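Colleague: Before we discuss this model any further, could you take one part of it and go through its side-chain packing and its contacts with care? Please give the cut-offs as you go, and say where that part meets its neighbour.

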Amino acid sequence: MQPTKEQSLWMYENMVVSRRFEEAIEKIYLEGKTPAFNMANGPIPGEMHLSNGQEPVAVGVCAHLDADDIVTATHRPHHQAIAKGVDLKKMAAEIFGKSTGLSGGRGGHMHLFDPAVNFACSGIIGESCGPACGAALSRKMQNKPGVAVAFLGEGAANQGAFHEALNLAGSWTLPVVFVIEDNSWGISVPKSESTAVARNDVRAAGYCMPGHYIPGNDPHAIFDIAGQAIARAREGNGPTLIEVETYRLAGHFMGDAEQYRPEGEKDALFAKDPIPRMRERLVADGHAAKDLDALEDRAEARVAEAIAYARNSEYAPDSDALTAVYV
Amino acid sequence: MLDQPTNERRLTIARAMAEAMQQEMSRDPTVFVMGEDIAGFGGIFGNTRGLFEEFGKERVRDTPISETGFISAAVGAAMDGMRPVVELMFVDFFGVCFDAIYNQMAKNTYFAGGNASVPMVLMTSTGGGYSDAGQHSQCLYGTFAHLPGMKVVSPSNAYDAKGLMTAAIRDDNPVVYMFHKGLQGMGWLGTEAGATVNTPEEDYTVEIGKAKVVRAGTDVTLVGLAMGVHNALKAADKLAEDGVSAEVVDLVSLVPLDRETVINSVAKTGRLIVVDEDYHSYGVSGEIIATVTEHDISKLKASPARITFPDVPIPYAKHMEQFCLPNPDKIVAAYRKM
């Protein structure tokens, strides 16, 4: 399954938006955190898990989804949220903790919820899987269209929640796709030292579903396999497990010194940065460089607008902390 | 036994719960039930009996033994427009799946700024007294009530059981529905007779967050829930033999907690004894006493007392477990020390 010209450009644009967004967040995150780094300070406090390098997974999968489909995301959710169509301005404002944020500042960057596009998060490893099964079950029981995609990291494939969810999805033939973003690091522990199998796609066999491994962090290859899996789910043929080789270009969180990385690994990863590679491919496919320049400018403007919106928004009253526990 | 009037039906709590689910499932196609052994088996504790036969296996869904999987699936289904009633067979099993409960079910509404809701019921059995030992006999009321974002109820009788279940299913928030095994009315376990009461056939709700004065009195307030209410009522009978008038408050709901009814009762009686089968420390009993003392300590004529389970795992041997459990005599003795 190959993307149309429009789908290719959509993927590239969302990758660029995600990257520019995170570059902006990275810069602002450091405000108020120098000379001494204290996570609690600055306009964006708390942990910050950047997803730069992992954009191909989000766009290759979400290119096949519309607003009505469900995505459950991880503690590293920006690229997934952007590709799913979460409102960028409200998302930025949420990360700034402002009243105009998705939850008015109650959730923050690990808890992005946008019911308008059926996007939910969990900051707990592996906990995207069960809710995706439930949403898929809901569609099946209500005879409504829609598939659920659970994103998770390769470390989450060692959680019980992952295995329980795969068994449920397999037993109940649910329209759900599990997408593992294998960036090869669970914070500081490499996949090779934490996981009994070299590739998690083989685990699909234990749950009677197809498993695919996609090397190379390649948006087109991801588009192909994810498209097949999502079509399979839509047709009522049940779940699929996909593991994608991807690259975490940043630390686990901002402030991570990454001393666990072997010498030269980061340089090698940056040399394979998927965004310039995607642009090269688009040019080779006949897209005009000036059109891609314009697309990049548009992406940058969108990000600038979202960041300005977040910066200029007000904080909610302190006492808003006490509301919205119940509906 | 005296003949009951023909227009009154006495139901067990198990039957009352099942009837509430049956009526809500008939009324609302988004309601469904899932859990371990809840379909053809009718629930280990009888509370889903008859549902499978009427609604079939899609809406009365046996699950694998995967509490994390199916409870977090219920969260996802609830956020997508369904109203799942999901069973955690024994509350003691929360240890294998608590993330789904307190990090997802209870928090997603807040994380969504109130723009999403999680309308689900998590029903779970509590309580001991039948030598099932330390992993099948706990109450853990305080554990669930402590964590924000979920309502917590526990009925003491079939009337409340039905009305609370109906209210819980219709509630747009997650409700933890804790039913005490010793009140359930199962063939294989003795049941507190007072739990089986007249229960209307038509649907109705019992308000979540409203306590009930189930016996009026003037000398001491006995506060409990579920089995604690029955222990308190029996103690009140014993105290009455000595001319002491005890008022008994059934909390019905822990979250929201009806502090006002407790405060008003103690304002009248001046004495407070809390009966709680959960562990002694850091729990419901301490919360009730703090509620009264924070409000107006001058209303108390004596230090409050609490009859609770000691801070030890629940022992197996019958004599040791009974030694630890609350009972009417302990309540009477506590009053006499006041």
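Modeller: I will take chain B from its rings to its domains, and then turn to its partner chain.

This is a predicted model, in which local features need pLDDT of at least 70 and side-chain atom pairs count only at pLDDT 80 or more, while totals for chains, interfaces and linings use all residues. Residues are numbered from 1 along each chain as its sequence is written, chains are lettered from A and ligands numbered from 1 in the order in which they are written, and side-chain values use heavy atoms, with hydrogens and water left out.

Over all chains the structure holds 13 aromatic pairs, where rings of Phe, Tyr and Trp (its six-membered ring) pair if their centres lie within 6.5 Å, and planes under 30 degrees apart count as stacked, over 60 as edge-to-face and the rest as tilted. One of these pairs joins Phe45(B) and Phe179(B), which meet edge-to-face at 5.8 Å centre to centre with 70° between the planes. This contact links distant parts of the chain, since Phe45(B) belongs to the loop between strand 2 (31-35) and helix 2 (51-59) of chain B and Phe179(B) to strand 7 (residues 175-180) of chain B, 134 residues apart; helices (H or I, at least four residues) and strands (E, at least two) are DSSP runs numbered from the N terminus. Phe45(B) and Phe179(B) are both buried, a term that means under 20% relative accessible area, with exposed set at over 50% and partly exposed in between (1.4 Å probe, protein chains only).

A further edge-to-face pair brings Phe98(B) and Phe144(B) together, 5.2 Å centre to centre and with 75° between the planes. Phe98(B) lies in helix 4 (residues 98-105) of chain B and Phe144(B) in helix 6 (residues 141-146) of chain B, so this pair ties together parts that are 46 residues apart in sequence. Phe98(B) and Phe144(B) are buried as well. Phe45(B) and Phe179(B) also belong to a cluster, which ring pairs build from Phe45(B), Phe90(B), Phe93(B), Phe179(B) and Trp188(B).

On the scale of the whole chain, the domain assignment of chain B gives domain 1 (10-198) and domain 2 (212-336), with bounds that come from an automatic or database domain assignment. The C-alpha centres of domain 1 and domain 2 of chain B lie 25 Å apart. Between these domains, 31 residues of domain 1 of chain B are in contact with 26 residues of domain 2 of chain B, contact meaning heavy atoms within 4.5 Å. Together the two domains of chain B bury about 2,200 Å², 58% of it on carbon and sulfur atoms; buried area is the accessible area (1.4 Å probe) that two parts lose on being put together, summed over both. On the side of domain 1 of chain B, the residues that lose the most area to domain 2 of chain B are Ser131(B), Tyr141(B) and Glu192(B), which together make up 24% of what that side buries.

Charged side chains take part in this interface too, as 2 salt bridges are found across the interface of domain 1 and domain 2 of chain B, a salt bridge being a side-chain nitrogen of Lys or Arg within 4 Å of a carboxyl oxygen of Asp or Glu. Within chain B, Asp160(B) forms a salt bridge with Lys212(B), whose closest N and O atoms are 2.4 Å apart.

Chain B also meets chain A, with 41 residues of chain B in contact with 32 residues of chain A. The two chains bury about 3,000 Å² between them, and 64% of that lies on carbon and sulfur atoms. In chain A, Met141(A), Tyr326(A) and Val327(A) lose the most area to chain B, together 21% of what that side buries. Across the interface of chain A and chain B there is 1 salt bridge, and Arg139(A) forms a salt bridge with Asp80(B), the closest N and O atoms being 2.7 Å apart. Over all chains, the count comes to 38 salt bridges.

Among those of the partner chain, Asp182(A) and Lys191(A) meet in a salt bridge at 2.9 Å, N to O, and both Asp182(A) and Lys191(A) are buried. Lys266(A) and Glu258(A) form another, at 2.7 Å from N to O; at 22% relative accessibility Lys266(A) counts as partly exposed, whereas Glu258(A), at 15%, counts as buried.
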